[in-house]
Amino acid sequence: MQLHISPSLRHVTVFPGKGVRDFIKVKVGSRRVSYRMIFYSLLFLTFLLRFVFVSTAVDTIDGENKCSTIGCVGKRIWRRRPESMKVPEEMYRILEERGEEEDIQGRSDVPQSLEEFVAEMKSNQSDVKTFAVKLKAMVSLLEQKTRTAKIQEYLYRHVASSSIPKQLHCLSLRLANEHSTNAGARLQLPAPESVPYLVDNSFFHFVFASDNVLASSVVAASLVRNSLRPEKVVLHIITDRKTYNSMHAWFSLHPLTPAIIEVKGLHHFDWFTKGKVPVLEAMEKDQKARSQFRGGSSAIVANNTEKPYIIASKLQALSPKYTSLMNHIRIHLPELFPSLNKVVFLDDDIVIQTDLSPLWDIDMRGKVNGAVQTCRGDDKFVMTKRLKSYLNFSQPLIAENFDPNECAWAYGMNIFDLEAWRKTNISHNYHYWLQKNLKSDLSLWQLGTLPPGLIAFHDHVHIIDPFWHMLGLGYQENTSIADAESAGVIHFNGRAKPWLEIAFPQLRHLWSKYVDFTDKFIKKCHIRAS
């Protein structure tokens, strides 16, 4: 959707765009700006118009105003005596009067532009009451249009971020076919001679869980290329049953020697296939609850009373990633890797830009989780997160147990001391709170795995230097390129994933430089740099 404001500032027109980005951007003259910018600009314009209308009401009604442009009106206002600029009390009363909420879009009696409004006032010689009523109707119409456009933006983002691009689907299918027809795509990972290193605690062990082959390839490539001792790197990749053959084929055909890579499906873990697994039971219930959450996306966007940002958060709660087992598996790391003492867990939407071996030298001081805080930093949009940002403190169960102003921390790049973890009840607490949230109809929190993580790891977190994890590249369009390039790990958390069309173009190259666009699988699936 695009919104055009004419150079004279007298016409505002909303019309549909042709692609995903057109729905998420607006065009003002020759500039492209975000809906947030245009929203606040329109609010400012609304207040300005109110001031102009009110200040010229008397002249218009008395037939003395011969101005036809805002510039002329502005000059007359500037020359007025201060006492003559006072707004009549009758106008305040009408503007503040609360009536029944109604949809005024499409009503023929509501002026659609400033030009129409001024022409109608001048031709009808309207009184103050009529002036105020028409003004209120026009401003309300503008607010409704802005709200509708904002909600449409959130809906389109939700659809774009929740869908699997056909290029990624193509890549997975081609690799699965290669796995079934090419013995080279079925090589044992790792090679037999390297198997003992999988449990050798003198190596640097990294773990991530993903069902996205392309994203996984970037995490692995960036990790190994930037390592000063790649021969000491062991990367454990966990995936689901449907993606296992594709993931295995990719890393069989694209070895990152001398690093050691293991690809395992969840069905390969003995612990995970025996008896009841709490995370699986919780995910089944959670998925059912979220599929019915608030009646689905159609019911959410049809709500005419809630603010757009509330609607956005409810749409985000429907995202498939929040019901994906891949997103919850980290809570069972001690059981999945019983022989390891320490691992670094990575999300699949990160890029490593430095050697991560110094993370093993950090003294965790008995804590379990080494993470970056998200309440302090120069970027006030990204680094202002506290517990109240994620948990619902209007619920007594939350308010009685936690401090709303306590600083939050981030998933995405975490050091986990598995030895210390095994001495705690962290995993049990995680599932306990998941059950509590499900029983409360998702009222304790709405989004993802971080809220229960914030609860379960409470008092078990060691704060590390923010250099090791820069967040927000998936939702902060104004991220400094220089800051991003100087960070050890960058995280595209948010909807604008770098492999999606809605990615921020100026940031995407930080991710795409680790994709080999000459690779035959990449080329056949038409995966391109931009």
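Colleague: Where does H268 lie?
Modeller: This is a predicted model, and in it H268 lies in the loop between β7 and α11, the helix of residues 270-273.

Colleague: Why is H268 called partly exposed?
Modeller: Its relative accessibility is 33%. Buried means under 20% and exposed means over 50%, so H268, at 33%, counts as partly exposed.

Colleague: What makes the link between the side chains of H268 and H267 a polar contact?
Modeller: The two side chains are joined at 3.3 Å. The cut-off for a pair of N or O atoms is within 3.5 Å, so 3.3 Å passes. H267 and H268 are adjacent in sequence, and such a pair counts only if both atoms are side-chain atoms; here the contact does join side chains.

Colleague: What separates the C-alpha atoms of H268 and D240?
Modeller: A distance of 9.7 Å, with the two residues 28 apart along the chain.

Colleague: OK, on to D459. Why does D459 count as exposed?
Modeller: D459 has 57% relative accessibility, and exposed means over 50%, so the label fits. You'll find D459 in the loop between α19 (450-456) and β12 (461-463). Its phi is near 70°, a positive value in a residue other than glycine.

Colleague: And H526, what is its label and why?
Modeller: H526 comes out at 47% relative accessibility. Exposed would need over 50%, and buried would need under 20%, so H526 counts as partly exposed. H526 sits in the segment after α22 (520-524), and its phi is also positive, near 60°.

Colleague: Now the helices. How do α9 and α10 cross?
Modeller: The axes of α9 (residues 213-225) and α10 (residues 241-253) come within 10 Å and cross at roughly 40°. The crossing is right-handed. On the α9 side the contact is made by V213, S216, S217 and A220; on the α10 side, by T243, S246, M247, W250 and F251.

Colleague: How do the residues of that contact divide?
Modeller: Into five nonpolar, four polar and no charged. Take W250 and T243 of α10: Trp is listed as nonpolar, while Thr is not on the nonpolar or charged lists, so Thr counts as polar.

Colleague: Last one: which residues does a cis peptide bond join?
Modeller: One such bond joins L189 and P190, with omega about -5°. P190 has its place in the loop between α8 (166-181) and β5 (204-209). Another cis peptide bond joins T257 and P258, with omega about 10°. P258 lies in the loop between α10 and β7 (260-265).

Notes
Residues are numbered from 1 along each chain as its sequence is written. This is a predicted model: local features need pLDDT of at least 70, side-chain atom pairs count only at pLDDT 80 or more; totals for chains, interfaces and linings use all residues. Side-chain values use heavy atoms; hydrogens and water are left out. Axes are lines fitted to C-alpha atoms, for helices over the stretch in contact, and angles run from 0 to 180 degrees between N-to-C directions. Helices (H or I, at least four residues) and strands (E, at least two) are DSSP runs, numbered from the N terminus. A crossing is left-handed if the near helix is turned anticlockwise from the far one by less than a right angle, and right-handed if clockwise. Contact means heavy atoms within 4.5 Å. Buried means under 20% relative accessible area, exposed over 50%, partly exposed in between (1.4 Å probe, protein chains only). A polar contact is a pair of N or O atoms within 3.5 Å; within protein, one must be able to donate a hydrogen and the other to accept it, and residues adjacent in sequence count only if both atoms are side-chain atoms.
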